[in-house]
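Below are some notes on the fold, set out point by point for a colleague who will want to check each one against the coordinates.

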Amino acid sequence: SSLLALHVLARWLLGGSNRLSAAMECRVGSWGSDMLHSWPCSPTAGAEEGLSLASTRASSSESIINIASENKAPSQLQPQPLLQVAEQPRRQQRQQNSASRGVASELATLLRSLAGASPAKRRTAAAALAVGLAALAAWAWARHVRRAARSPAKWGRGRLAVLASAALAAGARRLLGVTARSEVADRAPHLEALEGRQVLACWHPHGLYVVAPLLFHSSAGPRHQGSGIYGFFTAVASACFHLPVFRELLMLFNCRAADRDVIEELLGAGRSVFVCPGGIHEQLETDPGQERVFFPPNLGFVRQAIKHGVPLVPTYNFGENQLYDIPAWSRGVSQWLRRTFGVGLPLGFGRFGLPFLPHRKQLSIRVGRAVEVGAADAHPTDERVHETFHSYCVELRQLFDEHKATDLPPEVAARGLQLIWRGHEGEEWEQEHSWAEGLPEAVQQQHQQQQQQKQHVQQLQQLQQLRQPRWDASLAASSAAAAAPLVRSRL
């Protein structure tokens, strides 16, 4: 395509639409791109060359048919492709000389044409050439970034990444009105045991536009050496690396393509990775009134953790689903786009009824305890995968129950958390009372103890709430009575 564009530009500068059309017919005809390397650069090449080439092809085809008819009966004659017989020597010669001829020769022809062209044509040609070179450079850069998005190597300067992440978090606070209370950045006590260990962390839920992981998982310091998640990588959709500027920010924040081979390469290189098991399916099912977590049918994230022997760490972003209001028609359009084109485009509305502008809200990023998977196994059995998955779900539900009362609206917290394993929606494991079934005895006892401790804490909180209003009322009355004389004297 580049050779064709340069040649057309040079011919246009030389003038003569008939000459150009004749040259185009003989060069972009039946032989196509194979004839590009044999194009002559002289301005006098025209229709005569096309006629001579056509006559050469016709004589070559007649000689081939005559030779075949002398040796074989008419019933045994088989049509021979001209490109494979007549043009094979020419093709080999063109391939050998293609390195020395091509873009360089066409650029030389273009520069020679510019010397004799009018000023107007020079300006037009220069502008066209600049646009073409800019498009070629942009394409090459985008290809380079997409290749880097599949590599475990760091990309860009660390200081630049820290500054960009801090600026992004500050912009979210001031412009979008979104803040966060993150156990990842605050280094919760139960996370100290995980420092220095390789883990596979999973965030839930996906949300409509992935605000929490982008603004706070990334800005918490994966490129900052003093951070607890220094060196972590975050897996995001491959389509994000087709957006200019945005893809460079993602690369600076240690984001990589959410592909099985890429995640396996990262884990194999000893890196810790953040993934979202729900993916686009969970994104399209985002509901501000109901917390749902989806898991893939094959449980690939569990198999990856067992294969590399790294623990699973559940992470829940409370408030992510409540950043936008999602009308029913938007959900229907997104589902139709996904079925038709394979890409969902969810549309949510926030403040002032505007799209993409979230409600002012404080997110709470909570991290659960690590779920050990045991020794590494490249080919784990389904029983081991299901057992580890059930243990992970128990820890995730426990994490949700511990913080739902303080980090979610009361009506959403009352509905609880729905865990959906795609392809197994009708099985018993969905029911809350059966989450501990099929687990090891030690895990069941631990789950029962945790439930008893929760009930005890809830009872103490209820007693404190009953006593607190009386104490506040009496304290307020005594304070007002004591302050009344002082107020009168001041007046």
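1. Axes here are lines fitted to C-alpha atoms, for helices over the stretch in contact, and the angles between them run from 0 to 180 degrees between N-to-C directions. The model is a predicted one, and with that convention in mind, the axes of helix 14 and helix 16 (residues 382-407) come within 10 Å and cross at roughly 105 degrees. Because angles of 65 to 115 degrees count as roughly perpendicular, helix 14 is roughly perpendicular to helix 16.

2. The contact between these two helices can be followed residue by residue: from helix 14, Phe301, Val302, Arg303 and Ile306 take part, and they meet Asp382, Arg384, Val385, Thr388, Phe389 and Tyr392 of helix 16.

3. Turning to the sheet, 7 strands form an open arrangement with mixed pairing, in the order 1-8-7-2-5-3-4. Its edges are strand 1 (178-182) and strand 4 (255-257), each of which pairs on one side only. Neighbouring strands of this sheet are turned by 25 degrees against each other on average, if direction is ignored.

4. Within that order, strand 2 (residues 200-204) and strand 5 (residues 273-275) are paired in the parallel sense over 3 bridges, and Leu200 stands opposite Val273 of strand 5.

5. Which residues of helix 12 (residues 260-268) are buried? They are Val262, Ile263, Leu266 and Leu267, and because these cover an arc of only 130 degrees around the axis, they lie on the same side of helix 12. This agrees with the general rule that an α-helix has 3.6 residues a turn, so residues three or four places apart point the same way. On the other side of helix 12, by contrast, Arg260 and Gly268 are exposed.

6. The buried residues of helix 12 pack against strand 3 (233-236), strand 4 and strand 5, and also against helix 14 (300-308). Helix 14, described above for its crossing with helix 16, is therefore also a packing partner of the buried residues of helix 12.

7. Both ends of helix 12 deserve a look. At the N-terminal end Asp259 acts as a cap, with a side-chain oxygen 3.0 Å from the backbone nitrogen of Asp261, while just after the helix Gly270 takes a positive phi of about 85 degrees.

8. A further pairing involves strand 6 (residues 291-295) and strand 9 (residues 417-421), which run in the parallel sense over 5 bridges, with Gln418 in strand 9 as the bridge partner of Arg292. Strand 6 is mostly covered, since 4 of its 5 residues are buried.

Technical notes
Residues are numbered from 1 along each chain as its sequence is written. This is a predicted model: local features need pLDDT of at least 70, side-chain atom pairs count only at pLDDT 80 or more; totals for chains, interfaces and linings use all residues. Side-chain values use heavy atoms; hydrogens and water are left out. Two strands pair if DSSP finds at least two bridges between them. Buried means under 20% relative accessible area, exposed over 50%, partly exposed in between (1.4 Å probe, protein chains only). The arc is that of the directions from the helix axis to the C-beta atoms. Contact means heavy atoms within 4.5 Å. A polar contact is a pair of N or O atoms within 3.5 Å; within protein, one must be able to donate a hydrogen and the other to accept it, and residues adjacent in sequence count only if both atoms are side-chain atoms. Angles under 35 degrees count as roughly parallel, over 145 as roughly antiparallel, 65 to 115 as roughly perpendicular and the rest as oblique.
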